Amino acid sequence: MSALSEKTGENLTAVIDSKPLVHNITNYVVMNSTANTLLAMGASPVMAHAVEEVEEMVSLAGSLVLNIGTLSEDWITAMFKAGKKAEEMKIPIVFDPVGSGATSLRTDTARKIISEIDLQVVRGNASEILSLVDSDSRTRGVDSIDSAEDAAGTAMTIARQYSTVIAVTGPVDIVTDGSRIVKVFNGDPLMNYVTGMGCAATAVIGAFLAVDDDPLSAAATALAFFGLAGEKAAEKTSVPGSFMVELLNALYSITAEACRIECRFADGD
Amino acid sequence: MSALSEKTGENLTAVIDSKPLVHNITNYVVMNSTANTLLAMGASPVMAHAVEEVEEMVSLAGSLVLNIGTLSEDWITAMFKAGKKAEEMKIPIVFDPVGSGATSLRTDTARKIISEIDLQVVRGNASEILSLVDSDSRTRGVDSIDSAEDAAGTAMTIARQYSTVIAVTGPVDIVTDGSRIVKVFNGDPLMNYVTGMGCAATAVIGAFLAVDDDPLSAAATALAFFGLAGEKAAEKTSVPGSFMVELLNALYSITAEACRIECRFADGD
Amino acid sequence: MSALSEKTGENLTAVIDSKPLVHNITNYVVMNSTANTLLAMGASPVMAHAVEEVEEMVSLAGSLVLNIGTLSEDWITAMFKAGKKAEEMKIPIVFDPVGSGATSLRTDTARKIISEIDLQVVRGNASEILSLVDSDSRTRGVDSIDSAEDAAGTAMTIARQYSTVIAVTGPVDIVTDGSRIVKVFNGDPLMNYVTGMGCAATAVIGAFLAVDDDPLSAAATALAFFGLAGEKAAEKTSVPGSFMVELLNALYSITAEACRIECRFADGD
């Protein structure tokens with residue numbers, strides 16, 4: 001039982017006890033599943049994207065989730081408004097560069113967000129993370145073309161350059177703040193057959209950021225907890241429709257004690 | 001077995017027999033779950049928000065549902081166009097002031113809608129309803145901070161002021177037209193762990209408004225029927241992923257006879 | 001076992017092996033369920049609608065799905081941009097005229113798309129298809145008022161006029177290229193109680209178009225495969241919440257061999 005396994009249980013308990021409001025500016029595809037993910041684990045989600053209200057809404061929140069899937073111009077404006085307000089109020093932000101690398105709009109927006117807003121965590125698959133610095137890296141839609149471990153070196157460079165934590169998800173997740181690297185081993189392959197799993201993982205990071213001052217620990221423990229929920233779901237079913245249902249059941253049912261025993265990390269330097 | 005229990009079964013039967021078209025201008029988070037709610041209970045949902053088509057669409061409908069979650073300027077315009085057309089054609093309207101009190105955009109829009117459009121029913125949690133008149137009442141995201149019963153007095157005042165029925169939902173629901181008060185006791189706490197339950201309840205009121213000329217009766221019986229579906233779901237499961245599935249199953253399976261026996265109301269003056 | 005049953009299995013295998021990227025510009029209600037449908041069957045969905053990125057996104061895709069549910073002006077622009085780019089690059093397009101006939105915006109847009117973009121397949125219910133040519137045909141929301149077989153003659157006329165395949169879905173599906181007619185018998189009535197089933201069928205046609213050069217065969221086999229998934233789901237449950245879950249399970253589980261044995265067609269001239 002590592003310090004991070006212990007911390008996963010503590011973060012889960014803190015979310016359940018304090019029910020932090022997590023403000024999401026996210027894509028249309030996953031709004032419902034993201035809200036259900038946050039509710040099932042005990043957090044309090046709100047979705048709001050109007051430029052007229054995002055600053056006021058994020059002021060009430062414990063954390064902000066920015067996600068560029070199904071992007072359009074108004075939403076970019078809203079993300080910058082909300083992001084700047086959160087930065088000013090020291091409200092932690094997690095960013096999900098969905099599909100960055102696939103189109104110029106997404107790549108340019110992702111790079112602009114990471115360079116102009118003070119983000120605590122960025123979570124993406126390997127190709128999305130690589131696209132943040134390398135114009136030759138191109139994602140295939142929103143699917144990853146590289147393993148998270150292959151992207152570890154680049155992730156460290158980006159983390160140092162932008163003073164943020166980078167979380168690269170895949171069969172093994174890599175989380176780094178530019179000096180430390182944590183590997184997270186929880187998860188299940190069936191997660192690839194349900195939409196919005198990456199976006200949900202990002203939202204769980206958002207919930208943990210609201211209760212954990214260390215972004216590296218918040219990101220790593222959130223991914224372990226979410227991956228463990230995937231494992232619990234896969235113990236119940238081997239088909240994707242039932243898997244999504246069982247994942248929500250697991251997010252609600254997993255105890256802090258289970259996190260302490262079953263979340264699996266490797267710490268490095 | 002009260003007159004309202006009897007009426008719940010009659011309204012359900014009337015929906016199943018006539019399959020009323022319910023026009024929803026609602027938020028992105030719940031569009032899918034709201035459509036599935038209406039389909040499961042036998043109604044015919046349509047979602048349409050373009051300013052170019054909402055008047056034509058609502059003209060075909062048996063009722064109109066307005067919901068300000070994930071609000072933006074174009075949608076406000078569409079809500080007023082559809083609302084005014086429905087008013088002109090005597091098509092009943094139910095309004096859900098999601099998150100009113102959390103931001104000025106939502107509070108101002110909610111107050112403008114309730115004062116300028118002739119609404120048959122307004123459904124919200126206690127803090128949303130209180131925010132319609134009291135600028136010091138502030139919701140925490142879309143979660144209620146007060147019980148429905150605490151808001152009963154204010155709800156009666158609003159109902160009289162705007163000649164509408166106010167439905168305040170919570171562990172016990174309060175429905176009032178400003179003179180009469182009905183309490184609805186059906187429901188289950190697991191509904192708090194699934195997104196869009198309030199919005200779905202509003203849509204069910206929309207379906208019942210299409211077949212019941214008395215908005216007080218339509219709102220109270222809709223909330224009892226929807227709450228009963230929650231109770232039936234909770235008999236099958238105690239976890240939120242499965243609960244949403246079982247709730248849709250229950251909306252489809254509950255009979256008029258079950259409504260007559262199991263819907264629980266208290267009538268007052 | 002007909003040639004089309006054999007082809008259904010081949011198309012399914014080709015999708016699983018090549019994981020084609022299917023670009024969807026579709027409505028808010030079904031984005032999540034459509035993405036899950038495509039993932040469960042082994043395809044790779046992407047949703048993107050910004051005018052700034054649709055041309056670039058569709059360039060990466062194996063097929064394009066255009067769907068006019070929850071239409072607005074920006075989306076129409078995006079559909080034309082993506083459609084013209086796909087046409088130029090010989091990427092096959094399937095079009096779903098959701099609600100055409102219900103409002104002028106939808107009818108006019110649907111007619112403009114079918115006349116100005118080179119579509120490989122158009123899928124709708126009978127009233128939607130009839131509305132493409134007959135201004136007196138009016139849909140009731142998005143529900144069909146006519147059987148697919150009644151629309152067969154009109155479908156053939158439209159198919160010839162626009163050099164496209166028309167797929168009219170209903171209890172029996174009719175697929176025609178203007179000379180040949182195929183009837184597809186798979187499906188289950190519970191599909192009427194879950195939202196987005198028509199839209200999901202259209203997306204499955206999109207996935208098959210990416211691997212099958214013959215649009216008539218792609219459309220007919222996709223509808224048979226999707227209908228078979230509905231039958232498999234109905235073997236597991238008789239209520240709509242569980243049905244949607246089981247449908248996704250079936251889309252993932254059905255083998256090419258099952259398609260060869262259980263997909264049922266009638267070929268005509």
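What turn and what shift along the axis lay chain B on chain C? A turn of 120 degrees with a shift of 0.0 Å along the axis does so, at an RMSD of 0.0 Å. Keep in mind during the tour that this is a predicted model.

**Stop 1: the axis**

Select chain A and chain C. Chain A can be laid on chain C by a turn of 120 degrees and a shift of 0.0 Å along the axis, and the RMSD is 0.0 Å. That is how a three-fold axis relates copies. To find the axis in the viewer, pick the C-alpha atom of A:Tyr28, which among the residues of chain A comes closest to the rotation axis, at 3.8 Å. In chain B the residue to pick is B:Tyr28, whose C-alpha comes closest to the rotation axis of all residues of that chain, again at 3.8 Å.

**Stop 2: chain B against chain C**

Hide chain A and show the contact residues of the other two chains. Here 28 residues of chain B are in contact with 28 residues of chain C. The buried area between chain B and chain C is about 2300 Å², and carbon and sulfur atoms give 60% of that area. Now colour B:Leu39, B:Glu53 and B:Tyr252: in chain B these lose the most area to chain C, together 21% of what that side buries.

Stay on B:Glu53 and add C:Arg106. The two form a salt bridge, with the closest N and O atoms 2.9 Å apart. The count of salt bridges between chain B and chain C is 1. For polar contacts, the count between these chains is 8 residue pairs, both residues at pLDDT 80 or more.

Next, switch chain B to cartoon. At least two residues each of the side that touches chain C are supplied by helix 2 (31-40), strand 2 (44-47), helix 3 (54-59) and helix 10 (240-253) of chain B. Helix 2 of chain B is the one to select, since its 6 residues are the largest share of that side. Coloured by class, the side of chain B that touches chain C shows 17 nonpolar, 7 polar and 4 charged residues.

**Stop 3: chain A against chain C**

Bring chain A back and hide chain B. Which elements of chain A should be selected on the side that touches chain C? Begin with the totals: 28 residues of chain A are in contact with 28 residues of chain C. About 2300 Å² is buried between chain A and chain C, 60% of it from carbon and sulfur atoms.

Select A:Arg106 and C:Glu53. They form a salt bridge in which the closest N and O atoms are 2.9 Å apart. Between chain A and chain C the count is 1 salt bridge, and 8 residue pairs are in polar contact across the interface, both residues at pLDDT 80 or more.

The elements to select are helix 5 (104-116) and helix 10 (240-253) of chain A, which give two or more residues to the side that touches chain C. Helix 10 of chain A gives the largest share, 4 residues. By class, this side of chain A has 13 nonpolar, 11 polar and 4 charged residues.

**Stop 4: comparing the surfaces**

Show chain A and chain C with their interface residues marked. Only 7% of the interface residues of chain A are also interface residues in chain C, so the copies meet through different surfaces. Repeat this with chain B and chain C. Only 7% of the interface residues of chain B are also interface residues in chain C, and therefore these copies too meet through different surfaces.

Key
Residues numbered from 1 in each chain as written. Chains lettered and ligands numbered in written order. Predicted model: local features only at pLDDT ≥ 70, side-chain atom pairs only at ≥ 80, totals over all residues. Heavy atoms only, no water. Contact = heavy atoms within 4.5 Å. Buried area = accessible area lost by both parts, 1.4 Å probe. Salt bridge = Lys/Arg side-chain N within 4 Å of Asp/Glu carboxyl O. Polar contact = N/O pair within 3.5 Å; in protein donor to acceptor, adjacent residues only side chain to side chain. Nonpolar A, V, L, I, M, F, W, Y, C, P; charged D, E, K, R; others polar. Least-squares fit on C-alpha atoms with pLDDT ≥ 70 in both.
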